[in-house]
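Hi everyone, thanks for coming. Have a look at the structure on the screen, and we'll walk through it together.

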Amino acid sequence: MRTTSAIVVGLATVATLAAAPLPAGAATAHDRTPRANCPQLDTKLPWYGDNRAKLQKMIDERGTCSGKRGPRPVAAFDWDNTVVKNDITDATLAWALKHDKILRPAHWTDTNAFLTPAANKALTKACGTAVRVGRPLPTSKNTACADEIFEIREKSKTMAGEDAFAGDWNHRRTVPGYAWIPQLFAGHTPAALTSFARQARAEQLAAPVGATQKVGTHTLAGYVRYYDQQKDLIRTLKAAGFDVYIVSASSEPIAEAWSDGVGLDAKHTIGIRNVTKHGRLTPVIKGCGGVETGRGDALPYMDGKRCMINQEIFKIKGAAAWKQQDPAHRIALGAGDADTDVTFVNDATGAHVAINRNKSELMCRAFDDADGRWVANPMFIDPMPRKAGTYPCSTTGATAADGSKVPVRRADGSVIPDQVDLAF
C-alpha cells in the first residue's frame with residue numbers, strides 16, 4: 001500500500017500556523033505580499049475568464065510563498081478529460097484488442113461478479129472456446145469478440161442491447177463496468193499492463209488531434225493530449241510546495257503509464273487496484289474504508305475517490321474514510337470533469353476546479369459556487385457547446401446510492417436551484 005505523510009493545511013489551522021515562529025525572511029501574518037520568486041502560472045496559457053488569477057491566488061495563499069509553516073497542502077486531480085483530453089482506459093483497451101492481449105477466462109462470469117448470464121452468453125458466443133483458457137484471444141481478427149467487449153465497456157450492454165451487469169451496488173461507490181476493464185487484464189503482470197498502456201500512449205500522442213480509430217465496428221477517439229494548462233498547474237503547485245496526486249478510476253498500472261508525463265510518480269498515482277497472485281493480476285479488487293476486498297464494491301469513483309484520498313493520503317482508516325473530514329485533513333485543491341469526481345472536488349478547501357463536460361451534479365455545484373472557490377472552465381481542447389436550457393439541479397441533478405436521481409443539495413441541506421451553463 002502506498003503511503004505519504006502529506007496533510008493539507010486547513011482553514012481551522014491557519015491562525016495557529018500564522019502564529020508559529022517563521023524562518024528569517026519569511027512572510028508574517030501581517031505581511032502577505034508575495035515574494036519575487038513565487039511560483040507563477042504561465043500567463044501565455046489561456047484560461048477561461050479570471051480562472052488563472054483565482055488559482056494563482058489560492059497557490060499564493062496556501063503554498064510556500066505565503067510564509068506559513070506546517071504540513072504540505074495536498075492537491076488531487078482526476079485524470080481522463082481533466083489532465084488529458086480523452087480516455088486512457090479506452091485507449092489501452094483498444095490497443096490491447098488490436099494486439100490480442102486479452103486472455104481467455106474459463107468463464108466470462110469469472111471476470112466480474114455482476115456480469116449477467118446474457119453477457120456471459122454473448123461473450124462466449126462471440127469469442128468462442130477454441131482458444132485454451134489463459135491464452136490470448138484473437139481479437140484483432142475476431143470482430144465479433146472485440147465488439148462485444150467494447151460495447152460492454154462503452155454502454156454496459158451487449159451488442160443485442162441486453163444488460164451486461166445486474167445486482168445491488170452502491171451507485172456512489174462503484175460501477176461494475178469500471179471494475180470490469182482492470183479485471184479483463186487478469187493473468188498479466190502489472191508491469192505488462194503498464195507496458196500496454198505506454199504503447200497505446202505513444203500511438204495516441206503521435207496521432208493528430210481529432211483522429212479516430214476503430215475497434216471492431218466501433219469508432220472512438222484515436223488521440224489523447226495532455227492539457228498544457230493542467231501540466232502547468234501541476235508544475236506550479238509542486239514548485240509551491242503542494243503534494244500533488246492523481247486519483248483515477250482507471251486501473252492503477254494504466255494511470256502510472258501516463259502520470260509521469262506531468263511529473264508524478266507511482267506513489268502519487270492512485271487508481272483501481274487489483275489483488276495480485278504469484279505476481280499476476282486477478283479479478284479481485286482491493287477495497288476501501290472497511291469495504292472488503294473482492295468484487296469491486298469500493299472503487300476510486302464518486303464517493304470512493306474521497307475514501308481513497310482519506311485512506312491513502314491522510315491515513316484515515318475504516319468507515320471514517322467515507323466521511324468528509326475537518327479542513328486540516330482535506331485537500332486544498334481538487335480537479336475533475338464529471339459527476340464521478342464531484343465528492344472529492346467538493347471537499348477541497350481552497351479551489352474546486354471543474355472542467356465542463358456538461359455533467360449535472362458537478363456543474364450544479366460549480367455554478368452555484370456556494371463557497372466562492374469554484375473554478376469552472378471549458379475543456380481546453382474541443383470544448384463542449386453550451387448546454388441548452390438549465391442543469392436540473394433542483395430535481396434530478398444528483399445520483400443517490402440506490403441509483404435514483406435526486407436534487408443536488410448544499411452542505412446545509414438546501415436544494416441548489418437549476419443553473420445555466422456559464423463556462424463554454
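Which residues of α7 are buried? They are L193, T194, F196, A197, A200, R201 and Q204. Buried here means under 20% relative accessible area, exposed means over 50%, and partly exposed is in between, using a 1.4 Å probe and protein chains only. Those buried residues cover an arc of only 155 degrees around the axis, which puts them on the same side of α7; the arc is taken from the directions from the helix axis to the C-beta atoms. The face turned away from that buried side carries the exposed residues A191 and A206.

A quick word on the source: this is a predicted model, where local features need pLDDT of at least 70 and side-chain atom pairs count only at pLDDT 80 or more, while totals for chains, interfaces and linings use all residues. Residues are numbered from 1 along each chain as its sequence is written, and side-chain values use heavy atoms, with hydrogens and water left out. Helices (H or I, at least four residues) and strands (E, at least two) are DSSP runs, numbered from the N terminus.

Now the disulfides, meaning pairs of cysteine sulfur atoms within 2.5 Å. The count comes to four. One of them joins C127 to C145, S to S 2.0 Å. C127 lies in helix α4 and C145 in helix α5, so this pair ties together parts that are 18 residues apart in sequence. Both cysteines, C127 and C145, are buried.

Another links C364 and C393, with sulfur atoms 2.1 Å apart. At -90 degrees about the S-S bond, that link is left-handed. C364 and C393 are both buried too.
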